[in-house]
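Q: Please take a close look at one part of this model, the aromatic rings and what surrounds them. Which contacts do they make, and where do the partners sit?

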Amino acid sequence: MTTSASSLTAHEREVLAGVPTDLLINGQWRPATGNGTVGVEDPATGLELARVADATPQDAMAALDAAHAGQAAMAELSPRQRSTILQRAADLITEHTEELALLMTLELGKPLAESRGEVAYGASFFWWFSGEAVRFKGEFKQSADGAGRTLVSRQPVGPSLFITPWNFPLAMGARKLAPAIAAGCTSIVKPAKLTPLTMLKLGQLLQEAGLPDGALNIITAASAGSTTGPLIEDRRLKKLSFTGSTEVGQKLVEAAAPNLLRVSMELGGNAPLIVFDDADLDVAVEGAYQAKMRNGGEACTSANRILVQSGIADAFIERFTAKMAAVKVGRGTEEGVGLGSMVDQDQVDKIAELVDDATAKGAKVACGGTRVGTTGHFYAATVLTDVPDDARLLQEEIFGPVAPIRVFEEESAAVDEANATEYGLIAYVFTQDLARGHRVAAALESGMVGLNRGVISSADAPFGGVKHSGYGREGGAEGIEEYLETKYLSMPA
Ligand code: NAP
């Protein structure tokens, strides 16, 4: 563990000073009614980074007024105009990589190199949907009975509410905003209270990219439920896209039902990662490390259960444990740090609770297994072996740098165990036998499978889950569908 900063550097203060901390409503930044604010903390040091507006339900309603009023103008922009705004947004995000990455590292805790990667990933959604904005199609055809003509056209769904989690402060918003803009929808974004600064900076850049007033509104708030609840009940809202925990997602689906809102749910995961005897060991170790340690394990795609076939188990465990044990832990701004702070103390307590439960039931600690330091919220990169069936971390999202390893004999046993979870977001398979790779991928109950790859998210592919990991897709040709209605016009032949 390296030293933690006891105060912000001049450069950090300068970048923080460039972040708008008010609410973005109808193209204007303004304080919350009553001037309430909520603090944002650096989880590595406990230092307060900024205070952002604490929106009231009235402020949220003003954001919906703006999104509703701005919808017609947004829909009237030509596809090419929307495409140009998106391309400018991608360029601006890329130009501001260093500021955005630093903000993300400061408020979330992950290493700067990873934050830069998230900026590039977020920008890639604006780039991808700048292309999709001019490509989505309708249909004109003869009716089946030959007596008529059918015109099928696509229209924007309308004002959309986006509620995003803290773990990818830029990308989770970008994956919703870019297709919504491409389709011609206005939006209201409610970022997580732990990490709102990156989204506020993104909002400033999107305005600079040329979004009309009212097209994007951002509300930050201490109380998510009371702020967004009235919006979900309002008939003018047409769409809710949520990324976060399954528990909150279920509540939101229920709240959205009376209004029959179109809903997309990107929820929790419990990813299995299967390593077969015939895997390339180097590829499997590297892939497992990336799948586990990206975002410090605070990712819905994080490998939660590593299942290794007996013939390769000893070699894999030795190599993987050595790699995990070597990771440098520290504040994400420090050179060479591979594992930053967890987002808050609750997160560390939950990780420690799950590890303690597993070890109390018989799991062995191959490395880590402890909190690190006394300042900030750090937990060591941890490998657990001999994890028993009843360990809670096999069923619950760990959301931290902890890798439980289990050994299996038969392919069918690995598939059964991989599927023995309520979640179905992503799974990983490592094998050099392509037939086996395809067979196992088909049998896995998940929306996505990585074959010999530990990181698969990409703007050009449909990201999303099945089972309790939710529904809807972000990215790919499918991503824009979440924001389009289908209208059919019938006419005589
Ligand atoms: P969370 O607690 O569900 O919160 C997500 C967002 O919902 C935050 O903005 C939160 O606001 C808000 N929220 C909480 N309660 C609400 C309510 N009653 N009504 C309206 N909004 C409410 O999740 P998290 O801890 O931030 O994120 C981690 C979870 O997200 C994990 O389960 C992870 O797997 C999942 N995730 C899924 C994906 C995916 O694509 N499938 C991607 C990333 C993360 P506050 O911040 O104010 O609490």
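A: The answer below starts with one ring pair and then turns to the charges over rings, a helix and a surface patch. The model is predicted.

The structure holds six aromatic pairs. One of them joins Phe276 and Phe408 in an edge-to-face arrangement, with 5.6 Å from centre to centre and 85 degrees between the planes. Phe276 belongs to the loop between strand 12 (271-275) and helix 10 (281-293), while Phe408 is in strand 18 (residues 402-408), so the pair ties together parts that are 132 residues apart in sequence. Both Phe276 and Phe408 are buried. Phe276 has a further partner: Arg436 lies over its face, at 4.2 Å from the ring centre.

A second contact of this kind involves Arg175, whose charged end sits over the ring of Phe463, 3.9 Å from the ring centre. Residue numbers place Arg175 within helix 6 (residues 171-183). Of the 13 residues of this helix, 13 are buried, so helix 6 is largely enclosed by the rest of the structure. Its end C-alpha atoms are 19 Å apart, which agrees with the 18 Å that 13 residues should span at 1.5 Å a residue. Just after helix 6 comes Gly184, with a positive phi of about 95 degrees.

An aromatic residue also takes part in the surface. Phe140, Leu151 and Leu489 make a nonpolar surface patch of about 280 Å². Leu489 is in strand 24 (residues 484-492), and its relative accessibility of 44% is why Leu489 counts as partly exposed.

How values were computed
Residues numbered from 1 in each chain as written. Predicted model: local features only at pLDDT ≥ 70, side-chain atom pairs only at ≥ 80, totals over all residues. Heavy atoms only, no water. Patch = residues over 30% accessible without salt bridge, like charges linked within 9 Å, V, L, I, M, F, W, Y side chains within 5 Å. Areas by Shrake-Rupley, 256 points an atom, 1.4 Å probe, with all protein chains shown as cover. Salt bridge = Lys/Arg side-chain N within 4 Å of Asp/Glu carboxyl O. Helix = DSSP H or I, 4+ residues; strand = E, 2+ residues; numbered from the N terminus. Buried < 20%, exposed > 50% of the residue type's maximum accessible area, 1.4 Å probe, protein only. Phe/Tyr/Trp six-rings, centres within 6.5 Å; stacked < 30°, edge-to-face > 60°. Lys NZ or Arg CZ within 6 Å of the ring centre and 35° of its normal. Expected span 1.5 Å × (residues − 1).
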